[in-house]
Amino acid sequence: MSGKQEPPDFAMMRAVEILANLYDRMYTRTNVPPPPLDKPVILFNETCAFQIGKTTQAMVVAILGWGFSYPTRGWHTYAVAGEDGSRQLLSAFYKDHALIAVELYVPKTDRTPDLEPRRLGAFRFVPGEIRLGIPVTSIPQTFVPAVGGPGPVVYDASFEARFEGGVAYAMGTKGFVERLALYAQTGERRT
């Protein structure tokens with residue numbers, strides 16, 4: 001081995017740069033709710049769109065049928081195929097037949113119902129084009145590190161965007177998005 005220094009590995013330098021950016025986004029910002037977006041976040045695909053307060057149970061049942069009651073009573077769950085054919089769960093919750101919560105996630109346990117995945121096309125958040133499986137570093141700046149929320153128990157990264165009447169979460173583990181969730185926001189914290 002000669003005394004010469006090897007030229008820098010540009011891929012490694014880029015990886016370090018991405019990780020530093022992720023660290024800055026996750027740990028150096030003040031943990032305050034973000035300003036609300038000027039339009040709602042929708043969980044969308046070309047077959048079905050889920051919008052808090054606008055999507056009705058009848059609309060979803062007309063497209064997907066009746067869901068399986070999972071993880072608890074009140075939730076209506078379907079299995080859908082991801083872009084890569086992987087099994088994902090889509091769970092919706094209604095109040096007075098209007099959507100108040102929807103989640104799309106990669107199951108973390110083998111105790112989920114054995115539902116056959118429907119091939120509907122990939123779901124994603126719009127605006128933002130956030131899908132399951134993308135790197136958390138690809139989440140747009142309109143999503144900021146989450147203030148509270150459901151993420152910290154199971155996920156090591158959780159981002160949120162608020163909008164009139166709701167909040168959207170993108171959560172991930174080991175650098176990849178594994179859960180998208182929309183919840184109605186009620187009470188004093190409503191934006």
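This is a guided tour of a predicted model, arranged as a series of selections to make in the viewer.

**The whole chain**

Begin with the whole chain coloured by secondary structure, where you should find two helices and 10 strands. If you follow the chain along its sequence, the elements come in the pattern α-β-β-α-β-β-β-β-β-β-β-β. Of its 191 residues, 41% count as buried, while the surface that the chain exposes comes to about 11,000 Å², with carbon and sulfur atoms supplying 56% of that area. Among the contacts in the chain with a separation of 6 or more, 56% are between residues 24 or more positions apart.

**The sheet of seven strands**

Next, select strands β3, β4, β5, β10, β9, β8 and β7, which in that order make up an open sheet with antiparallel pairing. Strands of a sheet pair through backbone hydrogen bonds, either parallel or antiparallel. Which strands stand at the edges of this sheet? They are β3 and β7, and because each has a single partner strand, one side of each is left without a neighbour in the sheet. Zoom in on the β7 end, where two bridges join β7 to β8 and the two strands run antiparallel; here you can pick out Pro145, which stands opposite Phe159 in β8.

**Thr77, in strand β3**

Now move to the other edge strand and select Thr77, which lies in β3, a strand that covers residues 75-81. Is Thr77 buried or exposed? Thr77 is buried, since its relative accessible area is 1%, and the limit for counting as buried is under 20%. Show the side chains of Thr77 and Ser91, and you will see that a polar contact of 2.7 Å joins them. Once residues up to four places away in sequence are set aside, the residues that Thr77 touches include Gly67, Phe68, Tyr70, Pro71, Leu90 and Leu115.

**Thr112, in a loop**

For a second threonine, select Thr112, which lies in the loop between β5 and β6. Thr112 is also buried, here with a relative accessible area of 13%. Its side chain makes a polar contact of 3.2 Å with the side chain of Arg87, and beyond its neighbours within four places in sequence, Thr112 is in contact with Tyr70, Arg87, Leu89 and Pro107.

**The largest nonpolar core**

In soluble globular proteins, nonpolar side chains tend to be buried together. To look at such a grouping here, select Leu43, Phe50, Leu90, Phe123, Phe125, Leu180 and Leu182, which touch the most other members of the largest nonpolar core, a set of 33 residues. The elements that give two or more residues to this core are α2 (57-64), β3, β4 (87-95), β5 (98-105), β8 (157-163), β9 (166-173) and β10 (176-184). Of these contributors, β8 gives the most, with four residues. Centre the view on Leu90 and display its surroundings: leaving aside neighbours within four places in sequence, Leu90 is in contact with residues that include Leu43, Phe50, Leu64, Thr77, Val102 and Phe123. There is also a second, separate core of nine residues, and Ala146, Met171, Ala181 and Tyr183 are among them.

**The sheet of three strands**

Turn next to the open sheet of three strands, which has the order β2-β1-β6 and antiparallel pairing. The edges are held by β2 (49-50) and β6 (124-126), and since each has a single partner strand, one side of each lacks a neighbour in the sheet. Strand β1, residues 42-44, pairs with β2 over two bridges, and if you select Leu43 you will find that its bridge partner in β2 is Phe50.

Then select Val126, which lies in β6. How far apart in space are Val126 and Ile42? From C-alpha to C-alpha the distance is 5.4 Å, although the two residues are 84 residues apart in sequence. Val126 also touches Pro40, Val41 and Phe44, among others more than four places away in sequence.

**An aromatic pair**

Finish with the rings, for a search of the whole structure finds four aromatic pairs. One of them is formed by Phe125 and Phe143, which are stacked, with 6.0 Å from centre to centre and 15° between the planes. Phe125 lies in strand β6 and Phe143 in the loop between β6 and β7 (144-145), so the pair ties together parts that are 18 residues apart in sequence. Both Phe125 and Phe143 are buried.

Terms used. Residues numbered from 1 in each chain as written. Predicted model: local features only at pLDDT ≥ 70, side-chain atom pairs only at ≥ 80, totals over all residues. Heavy atoms only, no water. Buried < 20%, exposed > 50% of the residue type's maximum accessible area, 1.4 Å probe, protein only. Polar contact = N/O pair within 3.5 Å; in protein donor to acceptor, adjacent residues only side chain to side chain. Contact = heavy atoms within 4.5 Å. Core = buried A, V, L, I, M, F, W, Y, C linked by side-chain atoms within 4.5 Å. Pairing = 2+ DSSP bridges. Areas by Shrake-Rupley, 256 points an atom, 1.4 Å probe, with all protein chains shown as cover. Phe/Tyr/Trp six-rings, centres within 6.5 Å; stacked < 30°, edge-to-face > 60°.
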